[in-house]
Amino acid sequence: MDRQGAWVNWSGLFMGLLIVLPRVAEILTGNPDGFITANWGPAAHWIEQILYILTGCFMVATFGEALVYRYRRRPQPSSGEE
């Protein structure tokens, strides 16, 4: 992940948040509407929401870790003491 530009990591992090936050809001309101499982039962809606949340959390963790690694790997300015 670190060989890509920082914009790829930021956009992946943003996409992961766009996946997770609406799903959490739907679950908190008690109305998890599914896209794929539109004509199925309520259990299928809940399973779909959980899979969306897990996918989004994986994206946030992966791209967030790549950004943290990139930040820690950058050269540190010298303190002037030698």
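Trainee: How many residues has α2, and what span does it reach from its first C-alpha to its last?

Mentor: This is a predicted model, where local features need pLDDT of at least 70, side-chain atom pairs count only at pLDDT 80 or more, and totals for chains, interfaces and linings use all residues. Residues are numbered from 1 along each chain as its sequence is written, and side-chain values use heavy atoms, with hydrogens and water left out. Helices are DSSP runs (H or I, at least four residues), numbered from the N terminus, and strands are E runs of at least two. The expected span is 1.5 Å times one less than the number of residues; for α2 that gives 46 Å, and the 32 residues of α2 come close to it, reaching 46 Å.

Trainee: Is the protein spread out or a compact globule?

Mentor: Its secondary structure is two helices and zero strands. The radius of gyration (over C-alpha atoms) is 19 Å, while the globule rule (2.2 Å times the number of residues to the power 0.38) gives 12 Å for 82 residues. The value is well over the rule, so the protein is more spread out than a compact globule.

Trainee: What box do the C-alpha atoms fill?

Mentor: The box is taken along the principal axes. Its dimensions are roughly 70 × 25 × 15 Å.

Trainee: What covers the buried residues of α2?

Mentor: Buried means under 20% relative accessible area, exposed over 50%, partly exposed in between (1.4 Å probe, protein chains only). In α2 the buried residues include Ile53, Met59, Phe63 and Leu67. Contact means heavy atoms within 4.5 Å. The cover includes α1.

Trainee: Is Leu51 exposed, partly exposed or buried?

Mentor: Leu51 sits in helix α2, residues 42-73. It joins Ile47, Ile50 and Leu54 in a nonpolar surface patch with about 400 Å² of accessible area together. Patches take residues with over 30% relative accessible area and no salt bridge, joining like charges within 9 Å and nonpolar side chains (Val, Leu, Ile, Met, Phe, Trp, Tyr) within 5 Å; a salt bridge is a side-chain nitrogen of Lys or Arg within 4 Å of a carboxyl oxygen of Asp or Glu. The relative accessible area of Leu51 is 49%, so Leu51 is partly exposed.

Trainee: Which residues does Gln4 touch, not counting those up to four places away in sequence?

Mentor: Gln4 lies in the segment before α1 (6-29). Its C-alpha is 9.7 Å from that of Ala66, 62 residues apart along the chain. Gln4 touches Asn9 and Arg70.

Methods
Accessible areas come from the Shrake-Rupley method with a 1.4 Å probe; for residues, only the protein chains shown count as cover.
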